[in-house]
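This note is addressed to a colleague who is meeting the structure for the first time. Please read the numbered points beside the sequence and the model.

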Amino acid sequence: MWVAWAEVVAARPPLAPLVRPTMIFVDAVSEYRGVLGVVPRTQRLTIDGPRVLREGRTLVVDERVTVPAPRLDRDRAADMVTEVQRGQIDRTYLLRKPQHRTRRLELLHLPVWRFASPGTGIPERVVNAVTGEDEGYLAARWRAAQSPAEAP
């Protein structure tokens, strides 16, 4: 998931411009994008096989953990951030459109848990490991993006 730290600068003459920080996300697998409602906590981890190094500690992770390769490069992600700024943020300003400044654009990984019960008839569930919220919509987009029907 690409995450952009950005600012919306709204001019208000004769007053000083209003600067509002925003965070925009672009899913690197499905290209789903939007504005984050709250600023999530992030931390830098080094992934080394089944081990994760965090702040001098080593955490052992299940070997079955998979990280899908991103389909978007930095340039395409930056273009999509601009689309979100123009399409979603600009429409909230009726008269004068604001300026946008992108401070930082980084590729981050969203940890999710998959729960499956084969043979029980219970559908697979995908849950955000940070917030505990259901990520079923995003998981459906991941499956659609990886299906061979979309291959050119």
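1. At 42% relative accessibility, does Arg125 count as buried, partly exposed or exposed? Arg125 counts as partly exposed at that value, where buried means under 20% relative accessible area, exposed means over 50%, and partly exposed lies in between (1.4 Å probe, protein chains only). Asp134 is the salt-bridge partner of Arg125, with 3.2 Å between the closest N and O atoms. Here a salt bridge is a side-chain nitrogen of Lys or Arg within 4 Å of a carboxyl oxygen of Asp or Glu. Asp134, at 44% relative accessibility, also counts as partly exposed.

2. On the basis of the work: the model is predicted, local features need pLDDT of at least 70, side-chain atom pairs count only at pLDDT 80 or more, and totals for chains, interfaces and linings use all residues. Residues are numbered from 1 along each chain as its sequence is written, and side-chain values use heavy atoms, with hydrogens and water left out.

3. On the overall fold: the protein has nine strands and two helices, arranged along the sequence as β-β-β-β-β-β-α-β-β-β-α. Helices (H or I, at least four residues) and strands (E, at least two) are DSSP runs, numbered from the N terminus. The protein has 152 residues, and 28% of them count as buried. Its exposed surface is about 10900 Å², of which carbon and sulfur atoms supply 54%; these areas come from the Shrake-Rupley method with a 1.4 Å probe, and for residues only the protein chains shown count as cover. Of the contacts between residues at least 6 apart in sequence, 52% join residues at least 24 apart, a contact being heavy atoms within 4.5 Å.

4. On the salt bridges: a search of the whole structure finds eight. In one of them, Glu7 pairs with Arg103 and the closest N and O atoms are 2.9 Å apart. Glu7 lies in strand β1 (residues 2–12) and Arg103 in strand β7 (residues 99–107), so this bridge ties together parts that are 96 residues apart in sequence. The two partners differ in accessibility: Glu7 counts as buried at 18%, whereas Arg103 is exposed, with a relative accessible area of 54%.

5. A further bridge joins Arg143 to Glu124, with the closest N and O atoms 3.4 Å apart. This pair links distant parts of the chain, since Arg143 sits in helix α2 and Glu124 in strand β9 (residues 122–128), 19 residues apart. Arg143 is partly exposed, with a relative accessible area of 45%, and Glu124 is partly exposed at 38%.

6. Which side chain of opposite charge is nearest to Asp27? The nearest is Arg141, 6.6 Å away; Asp27 is buried and has no salt bridge. For this purpose Lys and Arg count as positive and Asp and Glu as negative, while His and the chain ends are not counted. Asp27 is found in the loop between β2 (15–26) and β3 (33–35). Its side chain makes a polar contact of 2.7 Å with that of Ser30; a polar contact is a pair of N or O atoms within 3.5 Å, where within protein one must be able to donate a hydrogen and the other to accept it, and residues adjacent in sequence count only if both atoms are side-chain atoms. Beyond four places in sequence, Asp27 touches Met1, Tyr32, Leu72, Leu138 and Trp142.

7. Leu138 is found in helix α2 and counts as buried at 7% relative accessibility. With neighbours within four places in sequence left aside, Leu138 is in contact with Met1, Asp27, Ser30, Tyr32 and Leu110. Leu138 and Tyr32 lie 106 residues apart in sequence and 7.8 Å apart in space, C-alpha to C-alpha.

8. On the aromatic rings: the structure holds three aromatic pairs. Rings of Phe, Tyr and Trp (its six-membered ring) pair if their centres lie within 6.5 Å; planes under 30 degrees apart count as stacked, over 60 as edge-to-face and the rest as tilted. The ring centres of Tyr32 and Tyr137 are 5.3 Å apart and the planes stand at 70 degrees, so this pair is edge-to-face. Tyr32 lies in the loop between β2 and β3 and Tyr137 in helix α2 (residues 136–146), 105 residues apart. Ring pairs link Phe25, Tyr32 and Tyr137 into a cluster.
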